[in-house]
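Biologist: I should like to request a close look at a single part of this model, together with its surroundings. Please set out the account as one connected description.

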Amino acid sequence: MQIHPRLVAIYQQVLHKPVKNISIALGELISLDESNLRAQWHELVKNTPLEKKSLTIRIIPAEQQCMVCFLKYHPKQKETACPQCKSVGAKIISGEEFYLEEK
Ligand SMILES: [Zn+2]
């Protein structure tokens, strides 16, 4: 199984930390959905002290802003064209997150 490099980095980050559970923020635009992420995580933590810790995933919705009319919108199919003026080249405001949430 191919494991996302960012997930490996998170794993290394928590490996030596006394955390009770692991919480990951995952942007909607990351090419990984929740079940894929869980499968990859299980693969990574197999036979490690992290195996018994629970994993929480918080999905962060995608938001883009049109650079022509400044409309902010949620890209439904990861499209980039503005629903209002149809221009392309929107700025991504959120949805590319992929990090460990520290409490
Ligand atoms: Zn627009």
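Modeller: The description below begins with one residue, Q84, and then turns to the sheet and to a pair of helices. The model is a predicted one. Q84 lies in the loop that runs between β4 (72-73) and β5 (91-94). Because 12 other C-beta atoms are found within 10 Å, and 12 or fewer is the limit for that class, Q84 counts as exposed. Leaving aside residues up to four places away in sequence, Q84 touches C66, C69 and L71. One of these, C66, is 18 residues from Q84 along the chain, and the C-alpha atoms of the two are separated by 8.9 Å.

The strands on either side of this loop, β4 and β5, belong to an open sheet of three strands, ordered β4-β3-β5, with antiparallel pairing. β4 and β5 are the edge strands, each having a single partner, so one side of each has no neighbour in the sheet. Strand β3 (residues 63-65) is joined to β4 by two bridges, and the two run antiparallel. Within this pairing, Q65 has K72 of β4 as its bridge partner. In general, strands of a sheet pair through backbone hydrogen bonds.

Elsewhere in the model, the axes of helix α1 (residues 5-15) and helix α2 (residues 34-45) come within 11 Å and cross at roughly 50°. That angle makes α1 oblique to α2. The crossing of α1 past α2 is right-handed. At the contact, L7, V8 and Y11 of α1 meet L37, Q40, W41 and L44 of α2. The residues of this contact comprise six nonpolar, one polar and no charged.

Terms used. Residues are numbered from 1 along each chain as its sequence is written. This is a predicted model: local features need pLDDT of at least 70, side-chain atom pairs count only at pLDDT 80 or more; totals for chains, interfaces and linings use all residues. Helices (H or I, at least four residues) and strands (E, at least two) are DSSP runs, numbered from the N terminus. A residue is buried if 20 or more other C-beta atoms lie within 10 Å of its own, exposed if 12 or fewer, and partly exposed in between; C-beta atoms are placed from the backbone. Two residues are in contact if their C-beta atoms, placed from the backbone, lie within 7 Å. Two strands pair if DSSP finds at least two bridges between them. Axes are lines fitted to C-alpha atoms, for helices over the stretch in contact, and angles run from 0 to 180 degrees between N-to-C directions. Angles under 35 degrees count as roughly parallel, over 145 as roughly antiparallel, 65 to 115 as roughly perpendicular and the rest as oblique. A crossing is left-handed if the near helix is turned anticlockwise from the far one by less than a right angle, and right-handed if clockwise. Ala, Val, Leu, Ile, Met, Phe, Trp, Tyr, Cys and Pro count as nonpolar, Asp, Glu, Lys and Arg as charged, and the others, Gly among them, as polar.
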